[in-house]
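Thanks for making time. I have one structure to go through, and I will put it up now.

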Amino acid sequence: MWLFPSTTPCCGFLSAPKCHRCVKGFLKPYAQASRRRRASETCLSNENIRSFISENTEVVVGGSLTPEIKLRLFTPGCRFWRERPELWPFSDPYWAIYWPGGQALSRYILDNPDVCRDGSVLDLGSGCGASSIAAKLCGAVHVVANDIDPVAAVVTKLNCELNKVEPPDCVTDDIIGSDPAGFDLILLGDMFYDETLSDSLHKWLDRCVKSHGSKVLIGDPGRAQFEGHDIRKLLHHVAQFELPESVRQENYGLTSSHVWCYHSKL
């Protein structure tokens, strides 16, 4: 079973707030196969990937902060919940989990549609695409879902079909550090789990805000890497959501998730 050592159940092999602290050690057996997996992604057509994902995930409705959004995720009924990890043919499937920060961010958008209505939206580290879907449902005119895992792009399109919305533009390049485009709104859910990545995000987001006046919303359940980072001094707390009981159990008893707004120092 792809679970982290714990007496508390979790959802799949990447499904707890603690996982970002232990994921490197947990995924060490995967490292030698990473190149082979990346090669397999390029060899398979999108249609083959779609079929594989459809066969090895389940459509989840409810049990999250956004019960109105349907998503293909890992569940205990899925083969790779218990299968040997080395048999998974792609990169680590972060998209297969609906992370608590992403849930809070998507819930906030659905409750406050004016934040993205008629605007351009970048969903950075988009994963399963839930925040992109929320933005589409709330009337955003242009949405870009950015995730460096090409399988996440396929999954995002599948999830858009489930929710009867036009898919966003899916970009798999690493755009952090690049010249920022002029998005009205930038969304980040559960992205501050690594110190080096957090530093890069801080610098890049600052450029986005200063160059284009972009609004930045960050969803996070209170991870230590986020709470202790300098970026927290520039954030304004805008919402707190109590997590459903099932999400609490899957995330080692975490009880709430938050949305923050970023303000750059000019």
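Let me start with a question: is Lys 233 buried or exposed? Lys 233 is exposed, since its relative accessible area is 69% and the cut-off for exposed is over 50%. Keep that residue in mind, as I come back to it with the salt bridges.

Before going on, note that this is a predicted model. The protein chain has 266 residues, and 53% of them are buried. In secondary structure there are nine helices and nine strands. If you take contacts between residues at least 6 apart in sequence, 69% of them join residues at least 24 apart. The chain exposes about 11,900 Å², with 50% of that supplied by carbon and sulfur atoms.

Now the interior. As a general point, nonpolar side chains in soluble globular proteins tend to be buried together. Here the largest nonpolar core has 31 residues. The members that touch the most other members are Leu 71, Cys 116, Val 121, Leu 187, Leu 217, Phe 241 and Val 259. Several elements give two or more residues to this core: strands E2, E6, E8 and E9, together with helices H4 and H5. Helix H4 gives the largest share, five residues. Apart from this core lies another one, of 23 residues, including Leu 122, Phe 183, Cys 208 and Ile 231.

Take Cys 116 from the largest core. Leaving out neighbours within four places in sequence, Cys 116 is in contact with Ile 109, Val 121, Ala 135, Cys 138, Gly 139, Ala 140 and Leu 185.

Back to helix H4, which runs over residues 100-111 and holds Ser 106. How accessible is Ser 106? The relative accessible area of Ser 106 is 0%, so the residue counts as buried. Setting aside neighbours within four places in sequence, its contacts are Thr 66, Tyr 98, Ala 130, Ser 131 and Ala 134.

Next, charges. Side chains of opposite charge can pair when their charged atoms come close. How many salt bridges does a search of the whole structure find? The search finds 14, and I will show three pairs and one network.

The first pair is Glu 68 with Arg 107, with the closest N and O atoms 2.9 Å apart. This pair links distant parts of the chain: Glu 68 is in the loop between strands E1 and E2, Arg 107 is in helix H4, and they are 39 residues apart. Glu 68 is partly exposed at 41% relative accessibility, whereas Arg 107 is buried at 13%.

The second pair is Asp 190 with Arg 223, at 2.8 Å between the closest N and O atoms. They are 33 residues apart, with Asp 190 in the loop between E6 and helix H7 and Arg 223 in the loop between strand E7 and helix H8. Asp 190 has a relative accessibility of 5%, so Asp 190 counts as buried. Arg 223 is buried too, at 4%.

The third pair brings back Lys 233, which bridges to Asp 230 with the closest N and O atoms 3.9 Å apart. The cut-off is 4 Å, so this pair counts as a salt bridge. Asp 230 is partly exposed, with a relative accessible area of 47%, and Lys 233, as I said, is exposed.

Finally, the network: salt bridges link Glu 47, Arg 50 and Glu 161. That is what I have for today.

Definitions and conventions:
Residues numbered from 1 in each chain as written. Predicted model: local features only at pLDDT ≥ 70, side-chain atom pairs only at ≥ 80, totals over all residues. Heavy atoms only, no water. Helix = DSSP H or I, 4+ residues; strand = E, 2+ residues; numbered from the N terminus. Buried < 20%, exposed > 50% of the residue type's maximum accessible area, 1.4 Å probe, protein only. Contact = heavy atoms within 4.5 Å. Areas by Shrake-Rupley, 256 points an atom, 1.4 Å probe, with all protein chains shown as cover. Core = buried A, V, L, I, M, F, W, Y, C linked by side-chain atoms within 4.5 Å. Salt bridge = Lys/Arg side-chain N within 4 Å of Asp/Glu carboxyl O.
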